[in-house]
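Student: I'd like to learn how to read ligand surroundings in a model. Can we go through one together?
Tutor: Sure, here it comes.

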Amino acid sequence: MSRFSTTGGEGLFLVVSAPSGTGKTTICREVMKMYPGLRFSTSYTSRPPRPGEVNGRDYFFVSREEFEAMACRGEFVEWAENYGQLYGTAVSVLDAYVEDKRDVFLDVDPRGAKAIKARYPDAVFVFILPPSLDELKNRLKNRGHEDEEALKRRFGNAVAEMGEVVWYDYVVFNDTLPEAVDLLRAIYLAEKNRRSRRKADIEKLIIDRR
Ligand code: ADP
Ligand code: 5GP
């Protein structure tokens, strides 16, 4: 648990993108261990739950028909088809986080991140990068489960995706894990304490002194 307070102020959307295999999930999980109020945003998906996954925590699991109907009604800020299944970030879910002043990590690719930026301009955008392309190759290999062809495709996509880094607010190079965790934590703390996010606390302080 961190000794720095993250209470007060508005909720914060931290949109985190990274080429697959860079270490985004690992880093975000470590930061969330330090700040129990900070969570991953819950997306909708048409895929069935895996063992241990909980509806409403890991995802909102819906049928493909339900998902498509929601998409037609414009209920998603962004959605995508990944590996034959549909995934999306619902407007209602994000609006509820804003209302509750919740801090959330949004794990979305650059295309989804752009859609979130258009609707939530106060969100903060962080791109996680590997220390080198060779190291990214190693991490993808170490994750296992994929043949050489699939790995090549994933690596090609990763390099193309990195071009999007130009419009993000922050970059975190994931060389050693403790340093990357520290950096993401620092970004979180700094953004929580932006003056524009602490307006209510500042006003309260000044009014109390009168
Ligand atoms: P992503 O969510 O970006 O796809 P993961 O968090 O699943 O990536 O990490 C991919 C692999 O790289 C995992 O095996 C993870 O343990 C490893 N990894 C993550 N960060 C580091 C690091 N700083 N140094 C070495 N290996 C790492
Ligand atoms: P998984 O089925 O392994 O949980 O997720 C598969 C992929 O879907 C991952 O790359 C994950 O980042 C992506 N994904 C999860 N939720 C969303 C979402 O709300 N929107 C988009 N565009 N992708 C998502």
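Student: By class, how many nonpolar, polar and charged residues does the shell around ligand 1 have?

Tutor: First, the ground rules: this is a predicted model, where local features need pLDDT of at least 70, side-chain atom pairs count only at pLDDT 80 or more, and totals for chains, interfaces and linings use all residues. Residues are numbered from 1 along each chain as its sequence is written, chains are lettered from A and ligands numbered from 1 in the order in which they are written, and side-chain values use heavy atoms, with hydrogens and water left out. A residue is near a molecule if one of its heavy atoms lies within 4 Å of it. Ala, Val, Leu, Ile, Met, Phe, Trp, Tyr, Cys and Pro count as nonpolar, Asp, Glu, Lys and Arg as charged, and the others, Gly among them, as polar. For ligand 1, the shell has two nonpolar, eight polar and four charged residues.

Student: Which residues are the closest to ligand 1, and which element gives the most to its shell?

Tutor: Of the 14 residues that surround ligand 1, the closest are G21, K24, T25, T26 and N174. Helices are DSSP runs of H or I with at least four residues, strands are runs of E with at least two, and both are numbered from the N terminus. Here α1 gives the most, with three residues; α1 (24-34) and α5 (133-143) each supply at least two.

Student: What polar contacts does ligand 1 make?

Tutor: Look for a pair of N or O atoms within 3.5 Å. A backbone N or O atom of K24 is 2.8 Å from a ligand 1 oxygen, while the side chain of T26 puts an N or O atom 2.5 Å from an oxygen of ligand 1. On the nitrogen side, a ligand 1 nitrogen lies 3.3 Å from a side-chain N or O atom of R139. The protein covers 71% of the 570 Å² of accessible area that ligand 1 has on its own (Shrake-Rupley method, 1.4 Å probe).

Student: And ligand 2: which side chains have polar atoms beside its oxygens?

Tutor: Y59 has a polar side-chain atom 2.5 Å from a ligand 2 oxygen, R50 has one at 3.1 Å, and a side-chain N or O atom of T89 is 3.2 Å from an oxygen of ligand 2. The protein covers 78% of the 510 Å² that ligand 2 has on its own.

Student: Which elements give two or more residues to the shell around ligand 2?

Tutor: Those are β5 (76-82) and β6 (85-90). That shell divides into three nonpolar, four polar and four charged residues.

Note on methods. Polar contact = N/O pair within 3.5 Å; in protein donor to acceptor, adjacent residues only side chain to side chain.
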